[in-house]
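User: I would like to learn how to read a few local features of a protein model. Could we go through them one at a time?

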Amino acid sequence: APVATLLADEQQDLELRRALPRVLAEFEEQKIVQLLLARLPEADPTLHFQTIRALGKMRADYPRLRFSRDEVDRLLDWEARQYCIRVRSVLTIDQRSGQHASSALLVRALEERLVSARERISRLLGLAYPPEDVFTAWNRLAYGRPPVRSAALEFLGNLLEANHKLTLIPLLESTSWEELDRRGRQLFDLPEPTFEETLGQFVEGPDAWLSACALALVGELELHRVRRAVQNVLGHSVPVVREAARSALDRLDKR
């Protein structure tokens, strides 16, 4: 109970909370597996990843532990949906502001987050299937040449159960952002925020670097419709976000 309270208490030091899953993974306890699964998804991206990583370590180190398939399925669906939402954000930003330096910075940051999302999906699959099989196939998908990628996709298609195959294989087969977006629309009922709403969500979101990048673009484009979101993060706990918010607001006020 005290550990669960620490993990849930957003007033606690964030670095402490981020370190807890790694510590908990050292104990062969079924209740810890259940606690960590129930905590996901975490709002803080680093804590979210560390929790998934801790579960993967427990899966590898303690074969007797059980990982609820319902919980794993819930998280895989969440990750796949968030992945498709991020792909749409990349297209929205690139199409509206592709010629601006701040746009390129934000798109690059989003692409990095998509790589991280694919890693999280692979780690979650490792909770439901033999981890070595999943990781081998995933590495071949990520780094292999086209024939190796095709063989890895075929292997995963044979390994995964129908629900995972239906959701994940179409995303893995896609070769462009546009195709991924089309597949995402087929799979999920996705929101369709405007360009300004997309930037506002990143400005006020839990990812500090995405927030700073979005703030830079808001300032560069002088987007007054996003002013309230900028004002809301002027007191952010992360210095780079506070500085980016002040800079963006200065540019908005000068117009």
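User: Which residues does Arg18 touch, not counting residues up to four places away in sequence?

Analyst: This is a predicted model, and in it Arg18 touches Asp44, Thr46, Leu47 and Gln50 once residues up to four places away in sequence are set aside. Arg18 itself sits in helix α2, which covers residues 14-24, and its side chain makes a polar contact of 2.8 Å with the side chain of Glu15.

User: Is Arg18 buried or exposed?

Analyst: Buried means under 20% relative accessible area, and Arg18, at 18% relative accessibility, therefore counts as buried.

User: Where should I look for unusual backbone geometry?

Analyst: Most residues other than glycine have a negative phi, and most peptide bonds are trans. In this model the peptide bond from Leu40 to Pro41 is cis, with omega near 0°, and Pro41 lies in the loop that runs between α3 (30-39) and α4 (45-61). Glu222, although not a glycine, has a positive phi of about 55°; Glu222 belongs to the loop between α12 (208-221) and α13 (227-232), and with a relative accessible area of 26% it is partly exposed.

User: How many disulfides does the model contain?

Analyst: A disulfide is a covalent bond between the sulfur atoms of two cysteines. With a cut-off of 2.5 Å between cysteine sulfur atoms, the count comes to zero disulfides. As for the surroundings of individual cysteines, Cys84 is buried with a relative accessible area of 2%, and Cys213 is buried with a relative accessible area of 1%.

Note on methods. Residues are numbered from 1 along each chain as its sequence is written. This is a predicted model: local features need pLDDT of at least 70, side-chain atom pairs count only at pLDDT 80 or more; totals for chains, interfaces and linings use all residues. Side-chain values use heavy atoms; hydrogens and water are left out. Helices (H or I, at least four residues) and strands (E, at least two) are DSSP runs, numbered from the N terminus. Buried means under 20% relative accessible area, exposed over 50%, partly exposed in between (1.4 Å probe, protein chains only). A polar contact is a pair of N or O atoms within 3.5 Å; within protein, one must be able to donate a hydrogen and the other to accept it, and residues adjacent in sequence count only if both atoms are side-chain atoms. Contact means heavy atoms within 4.5 Å.
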